[in-house]
Amino acid sequence: MSFAIFIQPEGNFLNLLKSWKEKLNIEFPDQRYTLHPPHMTILNMEVKNESNAIKIISNAASYFNPIQISIDKPDIFFNDAATGGHTLFFSIKNNNFVNTLQVSLAEALINEKNIKSPPKYVTKSDNFLKSYNKYGSPFIGKHWIPHFSISSIIVEKTNPIFKEFLSMNFNHCFTIHQLSIWRIIGDTHTKLTNVPFK
């Protein structure tokens with residue numbers, strides 16, 4: 001079981017994410033991430049107490065103004081170390097506010113983390129392991145690439161779906177007024193609450 005903090009997309013971009021998830025689920029059923037709710041993961045970790053963690057996040061988030069998100073482009077993590085597949089995602093334009101938010105929340109939760117043995121892929125990266133040992137999550141800091149995942153599919157890199165995905169040209173911007181907090185058990189995501197910015 002893990003405790004996760006998400007940014008959830010809105011408007012036309014949410015519809016685009018859903019349509020790609022539906023498309024990939026039909027063409028490549030039973031792949032990682034496809035059935036997960038559309039989101040950007042800010043933090044995913046084990047915590048000692050969910051209620052305490054939510055109070056900490058609520059307090060920390062109250063210092064932040066709403067954040068504008070600009071979607072940059074479609075991209076792919078080929079040979080994704082965390083999944084063993086090729087992860088299709090939408091990246092966001094460089095946004096110091098999102099990076100600052102992530103580190104602030106991770107620092108706020110540092111005494112609430114519940115460290116377990118790291119997954120094997122974490123031990124193969126100095127950045128992942130350092131982040132995991134400090135924060136209980138491998139993707140905190142400058143090596144994190146903020147993104148909205150669609151699916152991680154196990155197919156040949158020559159599959160035409162990748163060319164189709166990467167050929168999209170679009171521009172989406174929206175403003176985020178809150179975070180959402182989730183409990184994750186396997187692939188089951190349960191929303192616990194929303195936490196507003198100030």
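Which element gives the most to the lining of the second largest pocket? In this predicted model, that element is helix 5, with five residues. The second largest pocket has a volume of about 190 Å³, and its lining is made up of Val103, Asn127, Lys130, Ser131, Lys134, Tyr135, Ile140, Gly141, Lys142 and His143. Sorted by class, these residues comprise three nonpolar, four polar and three charged ones.

The largest pocket comes next. Rolling a probe the size of a water molecule over the atoms shows where empty space is left. The space within the largest pocket comes to about 1,200 Å³, and 46 residues form its lining, with Tyr33, Asn44, Ala82, Tyr121 and Phe139 lying nearest the centre. Two or more residues of this lining are given by each of strand 1 (2-7), strand 2 (40-45), helix 4 (120-123), helix 5 (126-135) and strand 5 (147-153). Strand 2 supplies the largest share, six residues. As for the chemical character of the lining, 24 of its residues are nonpolar, 16 are polar and six are charged.

Two of the residues nearest the centre of the largest pocket, Tyr121 and Phe139, deserve a second look. Tyr121 belongs to helix 4, and, leaving aside residues up to four places away in sequence, Tyr121 touches Ala81, Ala82, Phe128, Pro138 and Phe139. Ala82, one of these contacts, is also listed among the residues nearest the centre of the largest pocket. The C-alpha atom of Tyr121 is separated by 9.1 Å from that of Thr83, although the two residues are 38 residues apart along the chain.

The rings offer another way through the structure, which holds 13 aromatic pairs. A pair of aromatic rings is described by the distance of the centres and the angle of the planes. For Phe78 and Phe162 the ring centres are 5.4 Å apart and the planes stand at 70°, and because planes over 60 degrees apart count as edge-to-face, this pair is edge-to-face. Phe78 sits in the loop between strand 3 (67-77) and strand 4 (86-92), whereas Phe162 sits in helix 6 (residues 160-166), so the pair ties together parts that are 84 residues apart in sequence. The two partners can also be described by their accessibility: Phe78, at 35% relative accessibility, counts as partly exposed, while Phe162, with a relative accessible area of 2%, is buried.

Tyr121 and Phe139 also form an aromatic pair, and this one is stacked, with 6.3 Å from centre to centre and 20° between the planes. Since Tyr121 lies in helix 4 and Phe139 in the loop between helix 5 and strand 5, the pair ties together parts that are 18 residues apart in sequence. Phe139 has a relative accessible area of 30% and is therefore partly exposed. Elsewhere, one aromatic cluster is formed by Phe13, Trp20, Phe90, Phe148, Phe165, Phe170 and Phe174.

Two members of that cluster, Phe90 and Phe148, lead on to the largest nonpolar core. This core has 47 residues, and those that touch the most other members are Ile5, Ile57, Ile69, Ile71, Phe90, Phe148 and Leu179. Helix 1 (residues 11-27) provides the largest share of the core, five residues. Ile57 can serve as an example of the packing: with residues up to four places away in sequence not counted, Ile57 touches Phe3, Ile5, Leu105, Leu109, Leu179, Ile181 and Val195. Among these contacts of Ile57 are Ile5 and Leu179, which are themselves listed with the core residues that touch the most other members.

How values were computed
Residues numbered from 1 in each chain as written. Predicted model: local features only at pLDDT ≥ 70, side-chain atom pairs only at ≥ 80, totals over all residues. Heavy atoms only, no water. 1 Å grid on protein atoms, 1.4 Å probe; cavity = no way out; pocket = protein on both sides within 12 Å on 5 of 7 lines; lining within 4 Å. Points joined across faces, edges and corners; volume = space filled by probe spheres on them. Helix = DSSP H or I, 4+ residues; strand = E, 2+ residues; numbered from the N terminus. Nonpolar A, V, L, I, M, F, W, Y, C, P; charged D, E, K, R; others polar. Core = buried A, V, L, I, M, F, W, Y, C linked by side-chain atoms within 4.5 Å. Buried < 20%, exposed > 50% of the residue type's maximum accessible area, 1.4 Å probe, protein only. Contact = heavy atoms within 4.5 Å. Phe/Tyr/Trp six-rings, centres within 6.5 Å; stacked < 30°, edge-to-face > 60°.
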